[in-house]
Amino acid sequence: SEYIKVLYKMNIFLNNAEITKIINFSNIKEFYIFMVSSIKHVCNELLLKERNSQDKLINDIMDYVNQNYTDEDITLMKVADYFNLSIYTLSRLFKEHTGYGFKEYIVKKRIEYGKYLLLTTENSIKEISEKTGFVNAGYFSKIFKEHCGVSPSQFRENT
């Protein structure tokens, strides 16, 4: 019964047949075989819950970052604090999920948004740099050229 109580506290529930087997075993070997099987099942359930929990955390992190990448003050530290994670854990999760480092991902998102604004608005380069989260237009232009091979104004003219 203690085993059943522990499982209940962990939100892992046995069906009636399993409970009956635990309570009404006829010999130690039968009990042992059932418990080995049950413990394997519990371990698999715990792994699944951990994966689901980690998937939810990663999705929450990505939603947060994708909604806030234009904030010029977004940093790995701020996001880690927001999710109560160490910067090392967040950095590892981020890289595993996206294939990019945190800063690299933010810059990539900002550049993509900058390209969109260049193509769809008449906003100045300065206005676009502010909207995308870059501190100033000069830095935006420099990073844009590194990533796209042309300046923002050339990009706008050529498309």
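**View 1. Lys115 and Glu112 pair up along helix 6.** At 21% relative accessibility, Lys115 falls in the partly exposed class. That figure is for a predicted model, as are the rest in these legends. Glu112 is partly exposed too, at 42% relative accessibility. The side chains of Lys115 and Glu112 come together in a salt bridge, with 3.4 Å from N to O. The two residues sit 3 apart in helix 6, so about one helical turn separates them.

**View 2. Asp60 and Lys56 make a salt bridge within helix 3.** In total, the structure has 6 salt bridges, and this view shows the one that joins the side chains of Asp60 and Lys56, at 2.8 Å from N to O. Both residues belong to helix 3, where 4 residues, or about one turn of the helix, lie between one position and the other. Asp60 has a relative accessible area of 29%, so it counts as partly exposed.

**View 3. Glu96 and Arg92 do likewise in helix 5.** Here the closest N and O atoms of the Glu96–Arg92 salt bridge are 3.3 Å apart. Again the spacing is 4 residues, about one turn, with both partners in helix 5. How open is each end of the pair? Glu96 is exposed, with a relative accessible area of 54%, while Arg92 is partly exposed at 40%.

**View 4. The largest nonpolar core draws on several helices.** Zoom in here and you are looking at a core of 15 residues. The members that touch the most others are Ile61, Val65, Val79, Phe94, Phe102 and Ile106. At least two residues come from each of helix 3 (28-68), helix 4 (76-82), helix 5 (87-98) and helix 6 (102-120). Helix 3 is the top contributor, with 4 residues. To trace the packing from one residue, start at Ile61: setting aside neighbours within four places in sequence, Ile61 is in contact with Val79, Phe83, Leu85, Leu90 and Phe94. There is also a second core, separate from this one, with 10 residues, among them Ile128, Phe134, Phe140 and Phe144. As a general backdrop, nonpolar side chains in soluble globular proteins tend to be buried together.

**View 5. Leu93 is tucked into helix 5.** Leu93 is a helix 5 residue, and with a relative accessible area of just 4% it is buried. What does Leu93 touch, once neighbours within four places in sequence are left out? The contacts are Gln54, Leu57, Ile58 and Leu85. For a sense of scale, Leu93 and Arg110 are 17 residues apart in sequence, and their C-alpha atoms are 21 Å apart in space.

**View 6. Asn84 sits in the loop between helix 4 and helix 5.** Have a look at the backbone of this loop residue. Asn84 has a positive phi of about 55°, even though it is not a glycine. The residue is exposed as well, at 70% relative accessibility.

**View 7. Leu117 links helix 6 to residues further along the chain.** Leu117 is part of helix 6, and its relative accessibility of 5% makes it buried. Sequence neighbours within four places aside, Leu117 is in contact with Ile128, Lys131, Thr132 and Arg156. Take Arg156: 39 residues separate Leu117 and Arg156 along the chain, yet their C-alpha atoms are 9.4 Å apart.

**View 8. Helix 7 has its buried residues on the same side.** Within helix 7 (residues 125-132), the buried residues are Ile128, Ser129 and Thr132. Because these three span an arc of only 100° around the axis, they end up on the same side of helix 7. Which helices help cover the buried residues of helix 7? The cover includes helix 6, helix 8 (137-148) and helix 9 (152-158). Keep going just past the end of helix 7 and you reach Gly133, which takes a positive phi of about 100°.

**View 9. Tyr32, Ile33 and Val36 form a nonpolar patch on the surface.** Back outside, these three residues make a nonpolar surface patch of about 300 Å². Tyr32 belongs to helix 3. With a relative accessible area of 55%, Tyr32 counts as exposed.

Notes:
Residues numbered from 1 in each chain as written. Predicted model: local features only at pLDDT ≥ 70, side-chain atom pairs only at ≥ 80, totals over all residues. Heavy atoms only, no water. Core = buried A, V, L, I, M, F, W, Y, C linked by side-chain atoms within 4.5 Å. Buried < 20%, exposed > 50% of the residue type's maximum accessible area, 1.4 Å probe, protein only. Contact = heavy atoms within 4.5 Å. Patch = residues over 30% accessible without salt bridge, like charges linked within 9 Å, V, L, I, M, F, W, Y side chains within 5 Å. Areas by Shrake-Rupley, 256 points an atom, 1.4 Å probe, with all protein chains shown as cover. Salt bridge = Lys/Arg side-chain N within 4 Å of Asp/Glu carboxyl O. Arc of directions from axis to C-beta.
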